Amino acid sequence: MSDTNATDMEYEAGFGDYFALLKPRVMSLVIFTALVGLLVAPVAVHPVVALSSILFIGIGAGASGALNMWWDADIDAVMKRTAKRPVPSGRVTAQDALAIGVALSGMAVVMLALAANLLAAGLLAFTIFFYAVIYTMWLKRWTPQNIVIGGAAGAFPPVIGWAVATGSVSIESLLMFALIFMWTPPHFWALALFMRADYDTAGVPMLTVTHGRRVTRNHVLIYTLLLVPVAIGLGLTSIGGPAYLAVSVVMNALFLKGAFAIWRRDETQAEADNYRTERQVFRLSLYYLFLHFSALLVDATLRGFGLEIW
Amino acid sequence: MAIKAEHEIHTRRFSRNLGVGLTLAGFVVLLLALSVVKVKQLGTMQAFDQVSGSERSEPQK
């Protein structure tokens with residue numbers, strides 16, 4: 001019947017479909033890390049300014065997600081993990097995603113400049129550019145190191161949060177950057193090990209596709225080894241404290257143990273238990289980052305109550 | 001039939017319009033709050049032609 005067809009073709013995208021363009025789950029991580037960067041900074045920020053700044057950082061990150069979905073609709077459509085995203089599933093047109101991405105990017109950067117300062121706004125603009133252009137358009141389909149360099153985009157939010165409060169960049173914010181930056185490769189490669197079919201079919205040059213799974217396992221271990229001193233080092237700066245160091249020692253020991261287990265296994269063992277270890281390490285890596293940043297907040301709160309232990 | 005089809009589209013659009021409307025309303029409230037805070041953070045301002053009470057009484061001392 002022609003009526004049914006007309007309704008199918010002119011599907012009205014709901015508010016939720018547009019919201020999904022902003023990658024809400026990634027956005028929540030951005031908001032959390034930016035908020036921690038802002039709260040642990042030694043300069044107090046008025047709550048309304050803090051709330052607005054964090055909101056604009058989140059919107060900027062969401063906008064870069066929309067630009068990513070506009071550009072990557074072709075590969076998202078063939079990967080099981082991303083096929084249900086608004087553009088490949090046909091709920092939102094690619095042009096709409098582009099328009100929303102560009103409009104929200106501009107709005108978020110201008111508003112952050114007004115709410116906080118030009119440095120924070122400049123860092124946000126650079127983050128959006130880095131994720132949408134450098135990572136999505138250039139590196140992702142070109143080099144197996146895509147995850148390593150692209151991870152920088154996800155590492156910027158705490159630096160922006162810190163810049164909102166202090167108007168500067170410092171060793172503390174750079175180490176928060178380094179923590180997320182070094183964490184991203186083992187986190188994503190653990191995922192790539194058990195989502196193998198996805199990246200193969202999409203033709204994205206993940207390390208697992210280009211250099212094989214043995215090399216990927218080695219890389220997970222090497223990057224985890226490099227991550228440990230960064231994570232512990234952050235605890236020795238002015239924003240570290242007993243809670244952070246305690247969490248960091250435990251979580252790094254667990255993450256190292258997991259990375260070592262991934263490194264020791266081969267594909268036969270992994271296929272036999274359906275990538276049990278890889279899945280466990282991936283889940284652990286999520287807790288790893290969340291707990292490190294939560295611990296920074298706990299230490300900042302302790303300092304706020306004057307319970308400085310060192 | 002035609003009315004029902006149109007009604008359905010309107011229903012679908014309603015959720016989207018409501019979402020956009022509420023978002024914009026929230027944005028307006030946020031900007032208002034931000035403006036109030038920013039203006040207050042500037043502290044007391046005095047223009048060249050404005051004279052406060054204490055200054056006015058000074059010459060008579």
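This tour moves through a predicted model, naming at each stop what to select and what is found there.

**The whole complex**

Begin with everything displayed. The predictor assigns the complex an ipTM of 0.76 and a pTM of 0.86.

**Chain B**

Select chain B next. Chain B contains two helices and zero strands. Of its 61 residues, 0% count as buried. Colouring by confidence is useful here: the mean pLDDT of chain B is 78, and 70% of its residues reach 70 or more. Where pLDDT is low, the predicted coordinates should not be read in detail.

**Where chain B meets chain A**

Now select the contact between the two chains. Chain A gives 11 residues to this contact, and chain B gives 12 residues. On the side of chain B that touches chain A, seven residues are nonpolar, two are polar and three are charged.

**The two domains of chain A**

Turn to chain A and colour it by domain. The domain assignment places residues 15–169 in domain 1 and residues 170–310 in domain 2. Between the C-alpha centres of these two domains of chain A the distance is 21 Å. Their contact draws 29 residues from domain 1 and 27 residues from domain 2.

To see the domain 1 side of this contact, select helix H3 (24–40), helix H5 (73–78), H8 and H9 of chain A, the elements that each give two or more residues to it. H8(A) supplies the largest share, seven residues. By class, this side of domain 1 of chain A holds 18 nonpolar, seven polar and four charged residues.

**Helix H7 of chain A**

Select residues 118–139 of chain A, which form helix H7, and look along the helix towards A:Phe130, where H7 bends by about 35 degrees. A:Phe130 is also one of the buried residues of H7(A), and others among them are A:Ala120, A:Leu124, A:Ile128, A:Tyr131 and A:Tyr135. To show their surroundings, add helix H4 (47–71), helix H6 (94–115), helix H8 (146–155) and helix H9 (157–166) of chain A, against which the buried residues of H7(A) pack.

**A:Pro242 in helix H14**

Finally, select A:Pro242, which lies in helix H14 (residues 242–264) of chain A. Is A:Pro242 buried, partly exposed or exposed? A:Pro242 is partly exposed, because 16 other C-beta atoms lie within 10 Å, whereas a buried residue would have 20 or more and an exposed one 12 or fewer. As a last step, draw a distance from A:Pro242 to A:Gly161: their C-alpha atoms are separated by 23 Å, and the two residues are 81 residues apart along the chain.

Key:
Residues are numbered from 1 along each chain as its sequence is written. Chains are lettered from A and ligands numbered from 1 in the order in which they are written. This is a predicted model: local features need pLDDT of at least 70, side-chain atom pairs count only at pLDDT 80 or more; totals for chains, interfaces and linings use all residues. Two residues are in contact if their C-beta atoms, placed from the backbone, lie within 7 Å. Ala, Val, Leu, Ile, Met, Phe, Trp, Tyr, Cys and Pro count as nonpolar, Asp, Glu, Lys and Arg as charged, and the others, Gly among them, as polar. Helices (H or I, at least four residues) and strands (E, at least two) are DSSP runs, numbered from the N terminus. pLDDT is the predictor's confidence in each residue, from 0 to 100. The bend at a residue is the angle between axes fitted to the seven residues ending there and the seven starting there. Domain bounds come from an automatic or database domain assignment.
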